[in-house]
Amino acid sequence: IRCWSNIPFITMPLNRAHGKSFAHRSELKHAKRIVVKLGSAVVTRGDECGLALGRLASIVEQVSMLQNQGREMMIVTSGAVAFGKQRLRHEILLSQSVRQALHSGQSQLKDMAIPVLEARACAAAGQSGLMALYEAMFTQYSICAAQILVTNLDFHDEQKRRNLNGTLHELLRMNIVPIINTNDAVVPPPEPNSDLQGVNVISVKDNDSLAARLAVEMKTDLLIVLSDVEGLFDSPPGSDDAKLIDIFYPGDQQSVTFGTKSRVGMGGMEAKVKAALWALQGGTSVVIANGTHPKISGHVITDIVEGKKVGTFFSEVKPAGPTVEQQGEMARAGGRTLAALQPEQRAEIIYRLADLLTDQREEILLANKKDLEEAENKGRLALPLLKRLSLSTSKLNSLAIGLRQIAASSQDSVGRVIRRTRIAKDLNLEQVTVPIGVLLVIFESRPDCLPQVSALAIASGNGLLLKGGKEAAHSNQILHHLTQEALCIHGVKDAVQLVNTREEVEDLCRLDKLIDLIIPRGSSQLVRNIQKAAKGIPVMGHSEGICHVYVDTDASVEKVTRIIRDSKCEYPAACNALETLLIHRDLLRTPLFDQIIDMLRVEQVKIHAGPKFASYLTFSPSEVKSLRTEYGDLECCIEVVDSVQEAVEHIHKYGSSHTDVIITENEKTAEFFLQHVDSACVFWNASTRFSDGYRFGLGAEVGISTSRIHARGPVGIEGLLTTKWLLRGDNHVVSDFSEHGSMKYLHESLPLPQRNTN
């Protein structure tokens, strides 16, 4: 804990030797000394007269937050000219209105013309007001700010440069935020950026070059350049094919076409890039981003420091493999080629992958052993997750069997006609199944998920991006290699991509132009985080698996303990495991109830009592904190209900629409339960654990969906398909079907082609 002006705040261990820039965005959170450059377009209003106060207040708040974390923040700001222009215009209007009122009367006030204002005069009039504004804003966060005005001579004169350096270091030592600006009141007119071509020299001609020079001079870790564009594009922003460049490397200038500069300010994007590259070679990392967008400007600086994918990051380290954007494009192209293959060819790929899982068993298990040893040594995985991480010969054999089921059932999945209609004579309409596009599947501690999901994507003709947990890195690597080996037999290796870069899951969820569907497989927290982070991309999955078993008064004694034991104890970490046991009130204090309790104790299941159940007991187990709890372990809640209707109401109120079960011999009661429980899977006298794609005969599943649109329950091949409409005509136009036209609509249903049932 540090203190300044009696205000305590948390400091971070941010010590770092300067000299080399950060290689990856994820390292930016270690930045200790940061320069934030605010371009004229960020600081000024759209009319270029006056300041964007709301935007500026948000930036000050973010800088203050980082300063109070123990970082050393500096601001290079524009805005003095705009602020001065506003003040001088007001003074001129006031002066003219008084003179004209005295000499010409009020009628000529509307004809007053404001003269062109000289920039140096505006800067002189605006600098004091701009600084006063910064001081007032930073005071709200108990932070002191200090103004420094510089010119080019301050960097070229050795004594002045040392003085400037010493002043800045002293201010930073005192926890003061320096506000730096070029002294525009005396600065000479701008010249061509000829010296920006060099490495050793950079002149202070605008605030971009000032920020770069200052960043290197002060051995800054990070320079954030905020402008009115999202970052650097491969062609002028706004053009049809313009793509934001996520990471820019020295030497990539030839691949970029620069457009015009921003609406205000001295430096265009070309000047920013040259200044950024100069700073990068001096050991400072650089990010160019948009500081004006209303949806992101409130957290753009903190997002950059947290390593989120915002703007363009300048890096000297080029990754060995493709970027995730390139992988997405490769998956899209590969998926389209995959969808164009014959069904037999897609099946051949899956059969080949199934064979490789058994043929290369030793290599797979050796890689998995490395993952298990690393996880155990680091102690970062709980026992249920270690079980999920573990592969075995029997697991691989089961995987191979499931993959062969997928291959056998995929013969007519893509391109299947599901509706045919004769619209009119020689005008026929078909609705056919097609792949969704590119899937992003994010999974934790489950390497067996990789071949399962890959097989389903191949069978359905979808491109696939896979993001596995780092705890299964070795297993995922070998399994992905085998998947690509199988894909190679028909030349579609790129259709399935494993994301190995340091992309954060939240950043992947923003790639709405590359990804059509996100499928998370992992903890409920992972699913919730992805559902929250996904912007414009649908997410298929369930955030929780709160599964119920209701024991009715007419339940069979022989069936009850078997079904409950299997539902809770067979694999308690699974999303389809029992979490809440509902028992009819009439069964309390009966031999059946005692058998249930004894079985749970033998299996070492910790019991939590629901409110009603606790009220019936003198000494009850610990009362449940919430009836909406997914334990994922040998724990469960027991609650009492008065009827099957109350059981249904309880499930609807506290359940997650995943899987719910009734145990009863009364068929009428069972059918009521089956028809009225609104969950993805509803069973009668069967374990919750049957809620699984393999057990349903789907071969495998990409996950279990509790959503109500598209797929629901275990999602196999069918859930990864959508449809398109094919209309075949012969010179048909809509005007022929008008009131006086020559044709009439028929809308006749036509028989469907015979399905391949082999």
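# Strands, helices and loops

User: Over how many bridges do strand β7 (residues 222-227) and β9 pair?

Analyst: A quick note before we start: this is a predicted model, where local features need pLDDT of at least 70, side-chain atom pairs count only at pLDDT 80 or more, and totals for chains, interfaces and linings use all residues. Residues are numbered from 1 along each chain as its sequence is written, and side-chain values use heavy atoms, with hydrogens and water left out. Helices (H or I, at least four residues) and strands (E, at least two) are DSSP runs numbered from the N terminus, and two strands pair if DSSP finds at least two bridges between them. β7 and β9 clear that bar, running in the parallel sense with a bridge count of 6.

User: And on β9's antiparallel side, which residue stands opposite I288?

Analyst: β9 also joins strand β10 (residues 312-314), running antiparallel over 3 bridges. While L223 is the residue opposite V286 in β9, the one in β10 that stands opposite I288 is T312.

User: How many of the residues of strand β9 (residues 285-290) are buried?

Analyst: Buried means under 20% relative accessible area, exposed is over 50% and partly exposed lies in between (1.4 Å probe, protein chains only). In a regular strand, side chains alternate between the two faces of the sheet. Here S285, V287 and A289 point one way, V286, I288 and N290 point the other way, and all are buried. β9 is therefore largely enclosed by the rest of the structure, with a buried count of 6 of the 6 residues.

User: Moving on to strand β13 (residues 438-443), which residue in β14 does F443 stand opposite?

Analyst: β13 is mostly covered, with 6 of its 6 residues buried. V438, L440 and I442 point one way and L439, V441 and F443 the other. The strand is joined by 6 bridges to strand β14 (residues 463-468), and the two run parallel. Opposite F443 in β14 stands G468.

User: Which strands stand at the edges of the open sheet of 4 strands?

Analyst: The sheet has the order β25-β12-β11-β26, with antiparallel pairing. An edge strand has a single partner, so one side of it is left without a neighbour in the sheet. That description fits β25 (721-728) and β26 (748-749).

User: What is the bridge partner of T421 in β26?

Analyst: β26 pairs with strand β11 (residues 417-424) in the antiparallel sense, over 2 bridges. In β26, T421 is partnered by S749.

User: At roughly what angle do the axes of helix α15 and helix α16 cross?

Analyst: Two packed helices are described by the angle between their axes and the distance between the axes. Axes are lines fitted to C-alpha atoms, for helices over the stretch in contact, and angles run from 0 to 180 degrees between N-to-C directions. Angles under 35 degrees count as roughly parallel, over 145 as roughly antiparallel, 65 to 115 as roughly perpendicular and the rest as oblique, so α15 and α16 come out roughly parallel. Their axes (residues 449-460 and 473-487) come within 10 Å and cross at roughly 25°.

User: How do the residues of that contact of α15 with α16 divide?

Analyst: Contact means heavy atoms within 4.5 Å. L450, P451, S454 and I458 in α15 meet N476, L479, H480, T483 and L487 in α16. Ala, Val, Leu, Ile, Met, Phe, Trp, Tyr, Cys and Pro count as nonpolar, Asp, Glu, Lys and Arg as charged, and the others, Gly among them, as polar. The split is 5 nonpolar, 4 polar and no charged.

User: What relative accessibility does H747 have?

Analyst: Most residues other than glycine have a negative phi. H747, in the loop between β25 and β26, has a positive phi of about 50°. H747 counts as exposed, at a relative accessibility of 53%.

User: And N685: what is its relative accessibility?

Analyst: N685 is in the loop between β22 (681-684) and β23 (703-705), and its phi is positive too, near 55°. N685 counts as partly exposed, at 22%.

User: Which residues is V317 in contact with, leaving aside its neighbours within four places in sequence?

Analyst: V317 is in the loop between β10 and α10 (324-340) and is partly exposed, with a relative accessible area of 37%. I247 is 70 residues apart from V317 in sequence and 9.8 Å apart in space, C-alpha to C-alpha. The contacts of V317 beyond those neighbours are A23 and Y249.

User: Stepping back, what percentage of the residues of the protein count as buried?

Analyst: The protein has 23 helices and 26 strands. Of its 758 residues, the buried share is 52%.
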